[in-house]
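Let us walk through this structure step by step, starting from its strands and moving on to what packs against them.

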Amino acid sequence: MTLKPKLYGLIGFPVRHSLSACMHNAAFSALKIKAKYKLFELKPGQLKGFLNSLKQKNIRGFNVTYPYKEEVLPYLSTKTPSVKEIGAANTVVVDNAGRLKGFNTDYLGFTQHLKELKVKPERVAIIGAGGAAKAVCFALAKMKVRELCIYDIDKFKSLSLFKRLNSDFEQTRFGVATRIEDLAIGEKDLLINATPVGMHQHDPCLVSEAGLHQGLFVYDLIYSPAETKLITLAKKHGLRCSNGLGMLLYQGVFAFQHFTGKKAPVKIMQAAIEKGVKKL
Ligand code: NAP
């Protein structure tokens with residue numbers, strides 16, 4: 001009997017435009033690992049059925065994106081501390097007995113990218129309090145930033161993220177802004193966009209020029225388009241800035257290491273997503 005090849009993948013809805021498959025498949029082929037990474041678009045209600053099919057399809061691990069990062073939690077046999085603290089998993093490893101172990105490599109990806117950019121923030125403003133923001137705020141709290149102020153259009157989300165962080169991390173002063181203007185960007189050294197606003201051509205720029213100042217680094221989690229209106233504005237003012245492609249890369253690098261137990265070929269994965277993003 002021939003064994004089915006090991007399968008990995010990404011679950012989410014939608015996942016059509018994801019760069020994860022090109023990044024992981026490039027890494028598998030560079031390390032001559034006989035495995036394939038596929039995109040699994042799961043419509044609402046299809047998560048349980050997918051999880052029941054893991055053994056039959058020989059799926060040995062998968063990444064999780066919107067909207068399943070929280071929904072997958074009850075199915076995990078083991079949750080790493082970061083998954084428990086963030087309340088979301090984006091990487092799941094399936095062991096030989098079919099048990100699921102969840103990791104959060106989004107927060108590690110963001111941390112690693114900031115390190116690469118040599119950004120050492122102290123006072124941070126973040127727009128968005130959804131899934132990605134949770135991981136980013138956790139990373140910033142772990143870095144022991146002095147201040148972190150959160151704004152989301154949905155006040156319930158910003159407040160619940162604030163409460164959670166405030167009870168878990170003593171060394172950071174957390175705040176919630178009820179309007180973008182209240183983020184006091186003029187006093188911050190890092191501004192993060194963790195909303196989807198900027199992905200579409202007609203999207204507004206959420207930030208006005210008023211608070212932009214030379215000491216500010218602007219980080220937009222969006223990577224497609226490579227340059228959002230926010231990044232264009234930052235560049236116009238001569239500010240250091242970055243899109244989220246590096247975070248995407250490094251969350252994939254850490255996930256790959258969990259999947260295979262091998263050191264990820266970072267440069268090859270980077271080249272694959274840089275090529276892939278141009279085609280989006
Ligand atoms: P999400 O869970 O939907 O969170 C986005 C949050 O932003 C929601 O709470 C949303 O509120 C809020 N929001 C929407 N419009 C807003 C506005 N005008 N002002 C303030 N808040 C607003 O999405 P996500 O998964 O966190 O993803 C957010 C972005 O990050 C996406 O563009 C995604 O592609 C990107 N991302 C990048 C990476 C990376 O590796 N670079 C990783 C993950 C995500 P409502 O729900 O009320 O609309």
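In this predicted model, a convenient place to begin is the pair formed by S1 and S2, which run parallel and are joined by seven bridges. Within that pairing, glycine 9 stands opposite lysine 38 in S2. Helix H1 packs on the sheet to which these strands belong, touching S1, S2 and strand S3 (59-64), and its direction makes about 170° with that of S2. Helix H9, made up of residues 245-260, also packs on the sheet, where it touches S1, S2, S3, strand S5 (91-94) and strand S6 (100-103), with a direction that makes about 10° with that of S5.

The sheet itself is open and has six strands in the order S2-S1-S3-S5-S6-S4, with mixed pairing. Its edges are formed by strand S2 (35-41) and strand S4 (78-79), each of which pairs on one side only. In general terms, the strands of a sheet pair through backbone hydrogen bonds, either parallel or antiparallel.

Returning to H1, which comprises residues 20-30, we find histidine 24 within this helix. Histidine 24 counts as buried because its relative accessibility is 0%, where the cut-off for buried is under 20%. When its neighbours within four places in sequence are left aside, histidine 24 is in contact with Tyr37, Asn63, Gly252, Ala255, Phe256, Phe259 and Met269. The loop between strand S1 (6-12) and H1 contains proline 14, and the peptide bond that leads from phenylalanine 13 to this proline is cis, with omega near 0°.

A second open sheet is also built from six strands, here in the order S9-S8-S7-S10-S11-S12, and its pairing is parallel. Strand S9 (173-176) and strand S12 (240-242) are the edge strands, each pairing on one side only. On average, and with direction ignored, neighbouring strands of this sheet are turned by 15° against each other.

Within this sheet, S7 and S8 run parallel and are joined by five bridges, and valine 124 has leucine 148 in S8 as its bridge partner. Four of the five residues of S7 are buried, so this strand is largely enclosed by the rest of the structure. Strand S8, which covers residues 147-151, pairs in turn with S9 in the parallel sense over four bridges, and here the bridge partner of isoleucine 150 is valine 176 in S9.

Two helices can be followed across this part of the sheet. Helix H6 (residues 131-142) lies across strand S7 (123-127), S8, S9 and strand S10 (190-193), running at about 175° to S7. Helix H7 (residues 155-168) lies across S8 and S9, and runs at about 170° to S9.

How does the length of H7 compare with what its 14 residues should span? At 1.5 Å a residue, the expected span is 20 Å, and the end C-alpha atoms of H7 are 20 Å apart, which agrees. The buried residues of this helix are Ser158, Leu161, Phe162 and Leu165. Because they cover an arc of only 105° around the axis, they are placed on the same side of H7. What covers these buried residues includes H6, S8 and S9, whereas Phe156, Lys163 and Ser167, on the other side of H7, are exposed. At the N-terminal end, aspartate 154 caps H7, with a side-chain oxygen that lies 3.0 Å from the backbone nitrogen of phenylalanine 156.

Some loops deserve a separate look for their backbone geometry. Lysine 118, in the loop between helix H5 (106-117) and S7, has a positive phi of about 60° although it is not a glycine, and with a relative accessible area of 70% this lysine is exposed. Lysine 144 is placed in the loop between H6 and S8 and has a positive phi of about 60° as well, although it is not a glycine; with a relative accessible area of 49%, lysine 144 is partly exposed. Another cis peptide bond, with omega about 10°, joins serine 224 and proline 225, and this proline lies in the loop between strand S11 (217-220) and helix H8 (229-236).

Conventions: Residues numbered from 1 in each chain as written. Predicted model: local features only at pLDDT ≥ 70, side-chain atom pairs only at ≥ 80, totals over all residues. Heavy atoms only, no water. Pairing = 2+ DSSP bridges. Axes fitted to C-alpha atoms, helices over the stretch in contact; angles between N-to-C directions. Contact = heavy atoms within 4.5 Å. Expected span 1.5 Å × (residues − 1). Buried < 20%, exposed > 50% of the residue type's maximum accessible area, 1.4 Å probe, protein only. Arc of directions from axis to C-beta. Polar contact = N/O pair within 3.5 Å; in protein donor to acceptor, adjacent residues only side chain to side chain.
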